[in-house]
Amino acid sequence: VNLRGSWLNGARLEKARLKKAILLGAHLKGVWLNGAYLQGVDLLNAQLQLAYLDTAHLQGVDLWGAYLQGVTLEEAHLQGASLVKACSHGTNFGGAQLQGANLWGAQLQGASLSGAQLQGVFSARAWSSGEFAERTRGSIGRQSDFSGVIFTGGLNEGNVNSIVVTMSDEEAKKLREKLAPHIGKPISHELPENSGAILGAYTAEEAEKWIAEYEKAMSKVPAEHSS
């Protein structure tokens, strides 16, 4: 389905099946996509501020340059996803599975990473070519690399004002509190101490499991169309 540039702010789309959908530049602020199936979706530059994506299936999605401020991604499945240049200020990644994801240029100031599985994440300027299986296998055994990720600092009052400009007063206040420690501080690519994130490398067995789940999801025929 082609939903390029669509306005779906606040829509209730829990458990929606939108595999391979084109949502490039879509306006999805505050959308409810908990448990949704979004494998292979194009979310390039999508507006997802304050969206709810708990337990969503986002394996292999392209979130290049997406606006994810204040988004909830608890226990979401993001293996092999591209978050290159994603604006993830104050995003909740608690328990999310980000193994093999590309985080180059991602802005994670004020993000919650408790329990986030960051094994094999890397920082490459370009989106990795190849299918999900190829990319996932290519990161087997690779240690986590945060050299291009912004965790701390690099913000000023003007930046913060532009980040919260479309939020309600209450929402803006919460995010401002998370970002206050980063104003006027130098940029750091070091993962904060006591972040609670899980690092290291993942195994071939784990990769094959994710690949099998991804391929099953991408090939599944809706019940009403099955023979």
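**A walk through a predicted chain**

With a relative accessibility of 81%, Asn-194 counts as exposed, a term for residues over 50% relative accessible area, while those under 20% are buried and those in between partly exposed (1.4 Å probe, protein chains only). The model is a predicted one, in which local features need pLDDT of at least 70 and side-chain atom pairs count only at pLDDT 80 or more, whereas totals for chains, interfaces and linings use all residues. Residues are numbered from 1 along each chain as its sequence is written, and side-chain values use heavy atoms, with hydrogens and water left out.

Asn-194 sits in the loop between helix 3 (169-179) and helix 4 (204-219), where helices are DSSP runs of H or I with at least four residues, strands are runs of E with at least two, and both are numbered from the N terminus. The phi of Asn-194 is positive, near 60°, although this residue is not a glycine. Most residues other than glycine have a negative phi. Lys-20, also not a glycine, has a positive phi of about 65°; this lysine lies in the segment before helix 1 (132-138) and counts as exposed at 55% relative accessibility.

Helix 4, which follows the loop of Asn-194, has 16 residues and reaches 22 Å from its first C-alpha to its last, close to the 22 Å expected at 1.5 Å a residue, the expected span being 1.5 Å times one less than the number of residues. Its buried residues are Ala-207, Trp-210, Ile-211, Tyr-214 and Ala-217. Seen down the axis of helix 4, these buried residues fall within an arc of 130° (taken from the directions from the helix axis to the C-beta atoms), so they line one face of the helix. They pack against helix 1, while the face turned away from the buried side carries the exposed residues Glu-205, Lys-209, Lys-216 and Ser-219.

The largest nonpolar core, a set of buried Ala, Val, Leu, Ile, Met, Phe, Trp, Tyr and Cys residues joined through side-chain atoms within 4.5 Å, has 47 residues, and those with the most contacts inside it are Leu-48, Leu-78 and Phe-93. Apart from this core lies another, of 8 residues, among them Ile-163, Val-164, Met-167 and Leu-175.

As for confidence, which pLDDT expresses for each residue from 0 to 100, the chain has a mean of 92, and 95% of its residues reach 70 or more. Over residues 223-227, however, pLDDT stays under 50, and the model has 1 contact (heavy atoms within 4.5 Å) beyond four places in sequence for them. Where pLDDT is low, the predicted coordinates should not be read in detail.

Key: pLDDT is the predictor's confidence in each residue, from 0 to 100.
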